[in-house]
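Visitor: I'd like a close look at one part of this model, down to who sits across from whom. Could you then work outward from there?

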Amino acid sequence: MQRIEGVIRPYAWGSRTVLATMQGRHVPSNHPEAELWFGAHPADPAKLYDASDTATDGDLLSAIGADLDGQLGPTCRGDFGDRLPYLVKVLAADEPLSLQAHPSREQAEEGFARENAAGIPLDAPERNYRDAAHKPEVVIALSRFEALAGFRDPAVTVELLRVLAVPELDSYLGLLAGQPDSQGLRALVTTWITLPQPALAVLVPAVLGGCVRYLESGAERFKGEAQLALTLGERYPDDAGVLAALLLNRIVLEPGQALYLSAGNLHAYVSGAAVEVMANSDNVLRGGLTPKHVDVPELLRVLDFTPRAPSDLAPRTSTVGPEVVFATPAPEFRVSRVRLDGTALKRAASVELDARGPQLLVVTDGSVTVRSAGRAIDVPAGSGLWMAASDPGVVVTAHSPAAEFFRTLVGGH
C-alpha cells in the first residue's frame, strides 16, 4: 500500500475554496480548482509516495505498468486489460459544466476507430473519441449538489413550457404535446439544437423572459427550473443548451446521496462538491453550455431519449457496518462511502477492509490511519491510498473526531 496525491485540474468552472479547504491550503486558491484526479489516467496519474511517506515515488500509471500482475492482479487484467479500469475524482463546481453525454462501449469502439481512420489527432479539439471505452459514472454528493440529468416525464415538461406563456414556444411545444414520449423528445431536441443562430437569438431570450415573469408571479411549482434557466442563460446567451436543459430533471443531492449516469444520458452538473467515480475514459459528446467543440450529429446518435424519473437514476445502497455501498451495473467499479468516529461515540472508530483486487481510498474529511502488515500510513483529507492486488487487507482507523473516505474497487471483486 502507498499514499497517493491527486492532481488538480484548474478548469474555469471550479471553486477557489472547496479543494483548498479540504487539503488545508491557503483559501482562496490562486485560480479555480475544478477536479482532483486520483487514478492512473495517462493525462494526470496520481503521485505515489515511498515507504517512508516522505518522498514521491513516481506515479500510479508507471507503477502499474512496471508490475501488472502485482498491481492489477490476473482477474482484473483478464477482464479489463493492462490498465486500471476506473478513475476517481473530487469535483468542486462553482459554475455549471457543459451539457453532455457519454457513448456506450459499442459506440465508443466504432467512433474511436472511425476518427483514427480519418486521421484526427487524439489531442485535436474536434476529436470526440479519445479512447475506445465507455464512461458510466456515479457521483456522490459531499455538499448540496445540483445537477440536470435524464429527460423528465414529457407530460410534466409540457406543463412547464405552457406555464412560461411564451408565444415563440408554441410551434415547438406541439412537437412534444402531440407525442409525449421518447420520439417527441427526440424531435424537439433535434429541432432546438439544430436551429440557426438567428433563430436562437430570438427564442432563447423569449424563453428567459417567460422565466422572469413566472418567478415574478410567485408560483412555486417550477421555481427551481426557471431560476436555473436564467443562470444558464446569463452564462451562455443564445445557447441551444439553455432550451435543452428545460427538458431534463433538476436533481438536488444532499451529502451522501448519489446519481448514476449510464450511456446516452444527457446531463450537466450545476454546482456543489462531490466524489465522482467513472470508467477510465475521456469520451464526452457535448450538447451546449460550453465554448468547447459541439458535434450535434454525433451527440444525437448517442443520446438515449427514454424519460426517467430522478429515482430511476439513484443507485441502490446497502450498509455493512460503517460502509455504505452504492450498487451500479458498471463492471469497472464499485464505490462505497465510509464514515468513522475517532471518539467512537456516534459510530465505529475503525473498519477492516479485505484485499479484493486493486482498490483506491480517497479521504474527504478528517484524517485516517491505515495499518497493514506492521506498517501504518496517515492519510489526511484530500489525499488517498493505493492498495495493489497483491497487498493484504488493512484496518482503517479515524485519526480525527470525524473522518470520511471513499473506497473504490473493481466491480464484482
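Visitor: Let's start with β21: which residue in that strand is the bridge partner of Leu-361?

Guide: It's Leu-385: that is the residue in β21 that partners Leu-361. Before we go on, this is a predicted model, so local features need pLDDT of at least 70 and side-chain atom pairs count only at pLDDT 80 or more, while totals for chains, interfaces and linings use all residues. Numbering starts from 1 along each chain as its sequence is written, and side-chain values use heavy atoms, with hydrogens and water left out.

Now to the strand itself. β21 covers residues 383-387 (strands here are DSSP runs of E, at least two residues, and helices are runs of H or I, at least four, numbered from the N terminus). Five of its five residues are buried (under 20% relative accessible area with a 1.4 Å probe, protein chains only; over 50% is exposed, in between is partly exposed). The cover comes on both faces: Ser-383, Leu-385 and Met-387 are buried on one side, and Gly-384 and Trp-386 are buried on the other. So Leu-385, the residue you asked about, shares its side of β21 with Ser-383 and Met-387.

Leu-361 belongs to the pairing with β18 (residues 359-365), which runs antiparallel to β21 with four bridges between them (a pair of strands needs at least two DSSP bridges). β21 also pairs with β1, residues 2-5, again in the antiparallel sense and over four bridges. There, Ile-4 faces Gly-384 of β21. Put those pairings side by side and you get a nice register: Leu-385 opposite Leu-361, and Gly-384 opposite Ile-4.

Next, a sheet whose strands β17, β19, β20 and β22 are worth following one by one. This open sheet has four strands in the order β17-β22-β19-β20, with antiparallel pairing. Its edges are β17 (350-353) and β20 (375-380), each of which pairs on one side only. Walk in from the β17 edge and you meet β22 (residues 394-398), joined to β17 by four antiparallel bridges. Here Glu-352 sits across from Val-395 of β22. Continue to β19, and another four bridges tie it antiparallel to β22, with Val-368 opposite Ala-398.

β19 (residues 367-372) deserves a pause: five of its six residues are buried, so the strand is largely enclosed by the rest of the structure. On its other pairing, six bridges join β19 to β20, also antiparallel. Ser-372 has Arg-375 of β20 as its bridge partner. The hairpin of these strands has two residues between them, and Ala-373 takes a positive phi near 50° there.

Now over to a spot flagged by a record. The unreviewed UniProt entry annotates Gln-100, His-102, Glu-137 and His-267 as "binding site" (positions follow the numbering used here, feature names are shortened, and annotations may be inferred rather than shown by experiment). These residues span 168 residues in sequence, yet no two of their C-alpha atoms are more than 12.7 Å apart, so they gather at one spot.

Take Glu-137 as the way in. Glu-137 lies in β8, residues 137-141, and counts as buried at 2% relative accessibility. Its contacts (heavy atoms within 4.5 Å), leaving aside neighbours within four places in sequence, include His-102, His-267, Tyr-260, Tyr-269, Glu-276 and Phe-333. The Glu-137 side chain makes a polar contact with the His-102 side chain at 3.3 Å (N or O atoms within 3.5 Å; within protein, one able to donate a hydrogen and the other to accept it, and residues adjacent in sequence count only if both atoms are side-chain atoms).

His-267 comes at Glu-137 from another strand, β12 (residues 267-279). His-267 is also buried, at 2% relative accessibility, and its side chain makes a polar contact with that of Glu-137 at 3.5 Å. Beyond residues up to four places away in sequence, His-267 touches Gln-100 and His-102, along with Ser-98, Leu-99, Ala-101, Leu-148, Ala-149 and Leu-261 among others.

One last stop: Ser-15, in the loop between β2 (7-9) and α1 (18-22). Ser-15 is buried, with a relative accessible area of 0%. Its side chain reaches the backbone nitrogen of Thr-17 at 3.0 Å and that of Val-18 at 3.1 Å. Not counting residues up to four places away in sequence, Ser-15 touches Ser-29, His-31, Pro-32, Glu-33, Ala-92 and Asp-94.
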